[in-house]
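Biologist: Could you take me through one part of this model at close range? I would like to hear about a single strand, its partners and the aromatic rings around there.

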Amino acid sequence: MTSPTAPQASWLDDIPARLADIERAHLLRRRRVVEPAGGARLRVDGQPMLAFCSNDYLGLASHPALAQAACEATQRFGVGSGGSPLVSGHSAANDALEHDLATYVQLPRALYFYAGYATNTGIIPALVGDGDALFSDALNHACLIDGARLSRATIHRYPHADLAALEAQLAASPARRKLVISDAVFSMDGDLIDIPALLALCERYDALLLLDDAHGFGVLGPQGRGSLAQAGRTGPDASRRVLYMATLGKAAGVAGAFVAGDAALIEWLLQKTRTYIFATAAPPLLASALRQSLHLMKAADDRRAHLDGLIAQLRQGLATLPAPLGWHLLPSRTPVQALIIGSNEAALAVMEGLRAQGLWVPAIRPPTVPAGTARLRIALSAAHTTDDVAQLIEALHALATQSLSH
Ligand SMILES: *Cc1c(COP(=O)(O)O)cnc(C)c1O
């Protein structure tokens with residue numbers, strides 16, 4: 001018999017050793033305390049840094065008009081929404097935002113959520129369940145994957161962007177309800193899926209497409225209306241087979257997300273999405289800032305043109321990195337530019353080398369990306385100047401030369 005005073009062995013005792021395992025694999029993550037310091041500059045743990053890691057692609061997050069809209073709304077409506085949207089939390093500001101969002105993306109109706117993660121983990125189980133079939137790109141964002149798992153539908157994972165493999169899976173599926181889920185712009189690679197081809201498959205096989213445009217909304221398409229608009233499949237040419245989802249904490253510069261599409265489908269989601277029904281609605285101050293942001297985004301062709309110029313400048317500058325290292329940019333015409341380094345350790349070393357020069361570019365390692373493809377995820381923003389990008393190019397060339405001579 002164990003004495004009542006002996007400490008009882010517990011699985012909780014293993015946690016420190018398990019943390020040490022993560023550290024040994026160079027996978028321990030550490031948060032930095034960040035404050036804005038003007039433009040693309042941040043004060044990071046007190047040190048000024050030029051940052052290439054923000055998803056604030058248009059540089060709107062610190063726009064004074066957004067701050068002013070949030071302040072005025074706070075004074076008028078207070079801070080909290082006070083309830084879930086189906087009880088008392090659906091403010092006039094949130095309601096107006098949904099109309100503005102639907103108009104902006106040229107789809108019949110939109111539903112506004114407090115976070116993109118909660119949107120995908122909630123709407124997928126609302127659409128499909130046991131006995132239904134899901135088709136998921138291998139590089140989809142974690143919240144699409146988690147939503148798929150929560151749904152209990154049968155998951156068919158197809159190789160990244162392999163639409164022939166997807167078609168074979170769709171053709172072979174006996175399920176009556178089929179849902180295809182895909183990032184539009186892949187968040188760690190920056191490439192854009194072939195939306196017309198994907199939608200054509202969905203039409204042929206009576207499937208619904210959930211398209212996550214977190215990184216294309218505000219950036220791609222006419223007036224930044226997103227990748228679906230760029231593909232010409234909004235407005236009168238909208239398909240009822242697509243649910244367009246995008247986040248509002250990236251190019252829109254605030255927080256939250258929305259899903260837009262056919263009015264009956266959106267009504268279904270409103271009735272059935274647990275992450276929507278059982279969570280407090282986003283506060284009206286955010287919706288007010290977002291309405292202002294949509295105005296600015298629509299008129300931000302100058303910012304988008306500047307951003308396109310920076311993307312071209314970066315790609316040209318990094319095309320001449322010394323070949324033997326194997327560092328290479330993945331094909332991407334979006335602000336997400338992935339420089340593949342290879343091992344976790346090497347990617348961390350490059351990140352540290354840049355940090356020593358006041359440049360902050362995050363190393364992305366497994367499990368976020370496949371093993372052996374640790375990378376720097378360079379995020380460009382209209383807040384960067386051409387001098388900022390030139391500085392990054394120069395620093396990477398210097399680190400490459402240094403690492404070749406070791
Ligand atoms: C950021 C992101 C999300 C999550 O959105 P949040 O609003 O940050 O929760 C969903 N999908 C993709 C592709 C993303 O990049």
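What follows is a look at one strand, then at its rings, and last at the ligand site.

Modeller: Happy to! Please keep in mind that this is a predicted model. Let's start with strand β9, which spans residues 242-247. Buried or exposed, how do the residues of β9 fare? The strand is mostly covered, with six of its six residues buried. That holds on both faces: Val-242, Tyr-244 and Ala-246 are buried on one side, and Leu-243, Met-245 and Thr-247 are buried on the other.

Now for the partners. Strand β8 (residues 207-212) runs parallel to β9, and four bridges join the two. Within that pairing, Leu-210 of the chain stands opposite Leu-243 in β9. Strand β10 (residues 257-261) also pairs with β9, here in the antiparallel sense and again over four bridges. In this case Ala-246 stands opposite Phe-258 in β10.

Phe-258 brings us to the rings. The structure holds four aromatic pairs. In one of them, the ring centres of Tyr-104 and Phe-217 are 5.6 Å apart and the planes meet at 85 degrees, so this pair is edge-to-face. Tyr-104 sits in helix α3 (residues 92-105), while Phe-217 belongs to the loop between β8 and α8 (227-230), so the pair links distant parts of the chain, 113 residues apart. Tyr-104 and Phe-217 are both buried. Another pair is Tyr-244 with Phe-258: their centres lie 6.1 Å apart and their planes are at 50 degrees, so the pair is tilted. Because Tyr-244 is in strand β9 and Phe-258 in strand β10, this pair ties together parts that are 14 residues apart in sequence. Tyr-244 and Phe-258 are both buried as well. Together, Tyr-104, Phe-217, Tyr-244 and Phe-258 form one aromatic cluster.

Finally, the ligand. A shell of 13 residues surrounds the ligand, and the closest are Gly-116, Tyr-117, Asp-212, His-215 and Lys-250. By class, the shell has four nonpolar, six polar and three charged residues. Which ligand atom does the side chain of Asp-212 approach? A polar side-chain atom of Asp-212 lies 2.6 Å from a nitrogen atom of the ligand. Ligand oxygen atoms have contacts too: a backbone N or O atom of Gly-116 lies 2.7 Å from an oxygen, and a polar side-chain atom of Lys-250 lies 2.7 Å from an oxygen. On its own the ligand has 380 Å² of accessible area, and the protein covers 81% of that.

How values were computed:
Residues are numbered from 1 along each chain as its sequence is written. This is a predicted model: local features need pLDDT of at least 70, side-chain atom pairs count only at pLDDT 80 or more; totals for chains, interfaces and linings use all residues. Side-chain values use heavy atoms; hydrogens and water are left out. A residue is near a molecule or strand if one of its heavy atoms lies within 4 Å of it. A polar contact is a pair of N or O atoms within 3.5 Å; within protein, one must be able to donate a hydrogen and the other to accept it, and residues adjacent in sequence count only if both atoms are side-chain atoms. Accessible areas come from the Shrake-Rupley method with a 1.4 Å probe; for residues, only the protein chains shown count as cover. Ala, Val, Leu, Ile, Met, Phe, Trp, Tyr, Cys and Pro count as nonpolar, Asp, Glu, Lys and Arg as charged, and the others, Gly among them, as polar. Buried means under 20% relative accessible area, exposed over 50%, partly exposed in between (1.4 Å probe, protein chains only). Two strands pair if DSSP finds at least two bridges between them. Rings of Phe, Tyr and Trp (its six-membered ring) pair if their centres lie within 6.5 Å; planes under 30 degrees apart count as stacked, over 60 as edge-to-face and the rest as tilted.
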